[in-house]
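Q: Could you take a close look at the interior of this protein and guide me through it step by step? I would like to see how the inside relates to the parts that face outward.

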Amino acid sequence: MLQYEIFRAVVDSGSFTKAGDKLGLSQSAVSHAIKGLEAELNLTLLHRGRSGISLTSEGEVMIDYARQILNLAEEMKQEAGRLNGLEVGTLRIGTFPSVSAYLLPSVLEKFHAAYPGIHVEFHEGGYMELKQMVSSNIIDIGFLTSDDAGNLDFIPLFEDYLQVILPGNHPLRTKKQISVRDIASYPFIMPKGGCDDLIKQLFARHHLKPKVYCEIADNQAIIAMVQKNLGISIIPELVAHGHHDGLSRARLKEECFRTVGLALPAHKQVSPAVSAFITLTKSVVGDHKSRWS
């Protein structure tokens with residue numbers, strides 16, 4: 001089993017040294033384990049070169065089996081702990097930036113309090129990266145939007161409506177609702193790598209082209225730009241819910257939202273840890289949803 005764990009760590013980290021650091025093993029021990037696994041299977045699993053390591057075609061097949069074996073072993077460990085009245089094991093979750101900043105801390109705080117024996121690993125990335133990680137069993141469960149979940153099993157949590165943010169002295173600041181036609185007349189800060197597709201589609205549906213001042217991926221940087229009167233923007237209410245000096249908020253007249261939820265590998269039986277995480281996340285969302293609007 002250790003050989004499979006080492007194999008997975010090498011593939012995920014892209015390095016024998018990094019895999020060893022993660023597992024508390026020397027580089028030579030990691031190399032020896034991989035060579036032993038290759039000899040046992042009579043296959044070359046990894047290409048080794050100056051630019052690093054990569055999977056061979058045979059390795060691509062074998063890593064999927066290794067992940068399945070390790071996942072089943074983890075589920076068995078968790079189920080044994082549950083039967084013994086203990087909650088133990090490891091939970092690997094994926095998340096995107098706005099969930100990491102505004103939802104995940106509350107979820108993890110309550111999860112650790114309820115299940116101190118479960119170790120949580122989390123990976124942050126973009127929608128497509130998270131979808132791939134869930135599909136490949138690199139992570140057990142991931143926060144995603146319904147539009148990006150594809151053929152994964154998807155558990156909706158809430159509808160995250162887009163809101164307009166603008167400087168506190170902006171001419172439109174007194175409006176409770178602002179239309180995209182109004183927005184198109186002013187410098188616009190376009191979010192990047194998140195809900196930008198929704199926003200671009202919204203302008204396109206109304207045959208409008210925003211006056212894009214710049215495109216920024218970081219939500220806090222977008223807010224700071226708006227506070228400095230460099231433009232207005234549209235961001236999800238999950239991000240906009242905080243109180244920011246020098247910033248006004250308004251609802252978008254043309255309602256637009258993303259459905260945020262949890263994605264799992266299709267038709268996979270969930271482990272006790274995943275089931276507990278789903279239940280607790282739903283509870284936290286129910287407790288906090290009113291604070292985001």
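A: **A look inside the protein**

The protein has 12 helices and 12 strands, and the model you are looking at is a predicted one. Along its principal axes, the C-alpha trace spans about 70 × 50 × 30 Å. Of the 293 residues in the protein, 47% are buried, and it is with such residues that a look at the interior can begin.

The largest nonpolar core holds 49 residues, and those that touch the most other members are Leu 91, Ile 141, Phe 143 and Phe 277. Helix α12, which covers residues 272-292, gives this core its largest share, namely 8 residues. If you follow Leu 91 outward from its own stretch of sequence, setting aside neighbours within four places, you find it in contact with Phe 111, Ile 118, His 119, Val 120, Glu 121, Asp 140, Ile 141, Ala 273, Val 274 and Phe 277. Two residues in that list, Ile 141 and Phe 277, are themselves named among the core members that touch the most others. Apart from this core lies another one, made of 20 residues, including Ile 183, Met 190, Leu 198 and Ile 234.

Ile 234 leads to a polar residue that is also worth a careful look, since Gln 163 has Ile 234 among its contacts. Gln 163 belongs to strand β6, which runs over residues 153-167. Its relative accessible area is 4%, and because buried means under 20%, Gln 163 counts as buried. The side chain of Gln 163 makes a polar contact, at 3.1 Å, with the side chain of Arg 249. Leaving out neighbours within four places in sequence, the residues in contact with Gln 163 are Ser 233, Ile 234, Ile 235, Glu 237, Ala 240, Arg 249, Ala 250 and Arg 251. Contacts across the sequence can also be counted for the whole protein: of those between residues at least 6 apart in sequence, 72% join residues at least 24 apart.

From here we can turn to residues with more complete access to the outside, beginning with Lys 110. Lys 110 sits in helix α6, residues 104-114, and is partly exposed because its relative accessible area of 35% lies between the limits of 20% and 50%. Beyond its neighbours within four places in sequence, Lys 110 is in contact with Leu 280, Val 284 and Asp 287. The C-alpha atom of Lys 110 is separated by 20 Å from that of Val 270, which lies 160 residues away along the chain.

On the surface, Met 1, Val 61, Tyr 65 and Ile 69 form a nonpolar patch, and together they have about 380 Å² of accessible area. One of them, Ile 69, is part of helix α4, residues 57-83, and is classed as partly exposed at 32% relative accessibility. For the protein as a whole, about 14,800 Å² is exposed, and carbon and sulfur atoms supply 51% of that area.

Two loop residues complete the tour. Asn 42, in the loop between α3 (27-41) and β1 (46-49), has a positive phi of about 60° although it is not a glycine, and with a relative accessible area of 69% it is exposed. Asn 229, in the loop between α10 (219-227) and β10 (232-236), also has a positive phi, near 65°, but Asn 229 is partly exposed, with a relative accessible area of 46%.

Definitions and conventions. Residues numbered from 1 in each chain as written. Predicted model: local features only at pLDDT ≥ 70, side-chain atom pairs only at ≥ 80, totals over all residues. Heavy atoms only, no water. Patch = residues over 30% accessible without salt bridge, like charges linked within 9 Å, V, L, I, M, F, W, Y side chains within 5 Å. Areas by Shrake-Rupley, 256 points an atom, 1.4 Å probe, with all protein chains shown as cover. Salt bridge = Lys/Arg side-chain N within 4 Å of Asp/Glu carboxyl O. Helix = DSSP H or I, 4+ residues; strand = E, 2+ residues; numbered from the N terminus. Buried < 20%, exposed > 50% of the residue type's maximum accessible area, 1.4 Å probe, protein only. Polar contact = N/O pair within 3.5 Å; in protein donor to acceptor, adjacent residues only side chain to side chain. Contact = heavy atoms within 4.5 Å. Core = buried A, V, L, I, M, F, W, Y, C linked by side-chain atoms within 4.5 Å.
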